[in-house]
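Trainee: I should like to study one part of this chain closely, namely the place where its helices pack against one another. Would you please guide me through that part?

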Amino acid sequence: YSVGVVSALAWTIAWGLFFGIARGCYCLDNDPADCWCSFQYDIRDSGAAAVFYATSGAAAILFMWSTIFAVLQIVMANEMSDEVEIECFLFGLGVSAQLPGQLLVLGTATV
């Protein structure tokens with residue numbers, strides 16, 4: 001259960017970073033010298049901003065999928081009525097049982 005909670009919290013943080021890096025520039029009469037630009041983060045170098053945008057976007061997507069898979073596993077396990085069904089379910093998952101945790105670690109490594 002804790003992987004789902006941590007993934008959801010990390011997802012919201014990475015999602016905020018992903019959308020926060022966008023910048024808006026407003027120019028008067030198409031004159032580049034007369035422009036006003038807004039930055040949420042103080043990243044004015046376009047190369048660094050592109051890397052920050054790409055890594056925060058990748059992390060947000062990985063955290064999102066980690067949350068989705070963790071919640072699905074929780075719902076499926078809660079639908080089992082007895083111990084035999086749960087054992088069959090977990091045996092059927094195999095390596096996929098660790099997928100939410102793997103996506104969480106991969107997303108954390110991306111950030």
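Mentor: What follows is a description of the helix packing, beginning with the whole chain and ending with single residues. This is a predicted model, in which local features need pLDDT of at least 70 and side-chain atom pairs count only at pLDDT 80 or more, while totals for chains, interfaces and linings use all residues. Residues are numbered from 1 along each chain as its sequence is written, and side-chain values use heavy atoms, with hydrogens and water left out.

The chain has 4 helices and 2 strands; helices (H or I, at least four residues) and strands (E, at least two) are DSSP runs, numbered from the N terminus. Read from the N terminus, the order of the elements is α-β-β-α-α-α. Of the 111 residues in the chain, 23% are buried, where buried means under 20% relative accessible area, exposed means over 50%, and partly exposed lies in between (1.4 Å probe, protein chains only). Among contacts (heavy atoms within 4.5 Å) between residues at least 6 apart in sequence, 65% join residues at least 24 apart.

Let us now turn to the helix pairs. Two packed helices are described by the angle between their axes and the distance between the axes. Axes are lines fitted to C-alpha atoms, for helices over the stretch in contact, and angles run from 0 to 180 degrees between N-to-C directions. Angles under 35 degrees count as roughly parallel, over 145 as roughly antiparallel, 65 to 115 as roughly perpendicular and the rest as oblique.

The axes of helix α1 (residues 2-20) and helix α2 (residues 46-78) come within 8 Å and cross at roughly 155°. With that angle, α1 is roughly antiparallel to α2. Their crossing is left-handed, a term used if the near helix is turned anticlockwise from the far one by less than a right angle; if clockwise, the crossing is right-handed. On the α1 side, the residues in contact include V3, S7, W11 and F18; on the α2 side, they include F52, F63, S66 and T67. The residues of this contact of α1 with α2 comprise 15 nonpolar, 6 polar and no charged. Here Ala, Val, Leu, Ile, Met, Phe, Trp, Tyr, Cys and Pro count as nonpolar, Asp, Glu, Lys and Arg as charged, and the others, Gly among them, as polar.

Helix α2 also packs against helix α4. The axes of α2 and α4 come within 8 Å and cross at roughly 165°; these two helices are therefore roughly antiparallel to each other. The crossing of α2 and α4 is left-handed. Among the residues that make the contact are L62, F63, S66 and F69 of α2, together with P100, L103, L104 and G107 of α4. By class, the contact of α2 with α4 holds 12 nonpolar, 6 polar and no charged residues.

The remaining pair to consider is α1 and helix α4 (residues 99-110), whose axes come within 10 Å and cross at roughly 30°. The helices α1 and α4 are therefore roughly parallel to each other. α1 passes α4 in a left-handed crossing. In this contact, V3, V6 and S7 of α1 meet P100, G101 and L104 of α4, and the residues divide into 4 nonpolar, 2 polar and no charged.

Single residues of α2 show how these contacts are joined. S66 is found in helix α2 and counts as buried, at 0% relative accessibility. Leaving aside its neighbours within four places in sequence, S66 is in contact with V3, S7, P100, L103 and L104. A polar atom of the S66 side chain lies 2.7 Å from the backbone oxygen of P100. Such a polar contact is a pair of N or O atoms within 3.5 Å; within protein, one must be able to donate a hydrogen and the other to accept it, and residues adjacent in sequence count only if both atoms are side-chain atoms.

T67, also in helix α2, is buried, with a relative accessible area of 9%. The side chain of T67 reaches the backbone oxygen of S7 at 3.3 Å. F63, in helix α2, is likewise buried, with a relative accessible area of 4%. With neighbours within four places in sequence left aside, the contacts of F63 include W11, A14, L104 and V111. F63 and A14 are 49 residues apart in sequence and 8.0 Å apart in space, C-alpha to C-alpha.
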